[in-house]
Structure formats: C-alpha cells, structure tokens
Amino acid sequence: MLFHTMVGSNDIERSKRFYNELLGVLGVDEATLNIADSGHTRLFYRNENGTNFIVTQPINNEPATVANGSTVAFSCNSPEQVKRFHDFAVAAGGMSIEAPPGPRETAAMGTIELTYVRDPDGNKLCGIHFPK
C-alpha cells in the first residue's frame, strides 16, 4: 500500500550514520544518496518488497520538525530483533521513549513485541514484531 515514508533532518550526515546503523539491524542496505532538483540531499533506504524510507533536508528550507502524533514503524523478524533495533538506536544517538522494549498486550492483535525510540531529530520510530 505505501510506496515510501519520509522524515526530515536538520543534519543529513548525522541521520545517515544513525539510519545506516539502525536499519542495518533489519538487513537494509546503506542509504543511496540523492540530490533533489532543488539541491537538497536525500537518503533513500529500500527493501526487497519495494517500499522506501527516505530522510531529507526540508525542501522549503525551514527547519525539520517532528510530526506530532506520527510514528514510523519498522517490521522486525523476532523479539530479539526488536531489542537490537532499540539498542542500536540508542547507541547511535537516538533516545528510548515510553516503556522498555518487550511484549505488549493489545485487544486487536494479541501480544506483540515492540519498542519506541526517537531519532536524533526527534522523529518517533517503532520496532515491531507480530508473532505468527
């Protein structure tokens, strides 16, 4: 359904280091650098199913800000990968938020494993695993 998700960054090199390390935990290759027609730098992360995660300098030249109420969730293959996602995010300059990584009971989906972190620009990220 989704082709891409994009977040803004005020420091594209810092974001590149952060996301190369963090998304590497999920088996995603390092970013492909793209320069938009406007001259702004973008980082493209692609996976095998054709979806893209993009980090960009804001095209309007205003500071990148966090979208209140928004979360970008990344699928993890196991509860252990959820924990690694969290630990790598924190080690790479992100911040752990909400409850520690682990199981959560939901009415709609049963027990899921998840973690929430913020990237260095404050974007809210989730690592999530749905047991089979």
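This briefing covers the two sheets of the structure and the helices that pack on them. The model is predicted. One open sheet has four strands in the order β1-β4-β3-β2. Another open sheet, also of four strands, has the order β5-β8-β7-β6. Pairing is mixed in the β1-β4-β3-β2 sheet, and mixed in the β5-β8-β7-β6 sheet.

**Sheet β1-β4-β3-β2**

- The strand order here is β1-β4-β3-β2. β1 (4-8) and β2 (32-35) are the edge strands; each has a single partner strand, so one side of each lacks a neighbour in the sheet.
- On average, neighbouring strands of this sheet are turned by 25° against each other, direction ignored.
- β1 runs parallel to β4 (residues 52-56), and five bridges join the two.
- V7 has V55 in β4 as its bridge partner.
- Helix α1 (residues 12-24) packs on this sheet and touches β1, β3 (41-46) and β4. The direction of α1 makes about 5° with that of β3.

**Sheet β5-β8-β7-β6**

- In this sheet the order is β5-β8-β7-β6. β5 (72-75) and β6 (95-106) stand at the edges with a single partner strand each, so one side of each has no neighbour in the sheet.
- Neighbouring strands of this sheet are turned by 20° against each other on average, direction ignored.
- Four bridges pair β5 with β8 (residues 124-129) in the parallel sense.
- Opposite A73 stands C126 in β8.
- Helix α2 (residues 79-91) packs on this sheet, in contact with β5, β6, β7 (110-118) and β8. The direction of α2 makes about 10° with that of β7.

Terms used:
Residues are numbered from 1 along each chain as its sequence is written. This is a predicted model: local features need pLDDT of at least 70, side-chain atom pairs count only at pLDDT 80 or more; totals for chains, interfaces and linings use all residues. Side-chain values use heavy atoms; hydrogens and water are left out. Two strands pair if DSSP finds at least two bridges between them. Axes are lines fitted to C-alpha atoms, for helices over the stretch in contact, and angles run from 0 to 180 degrees between N-to-C directions. Contact means heavy atoms within 4.5 Å.
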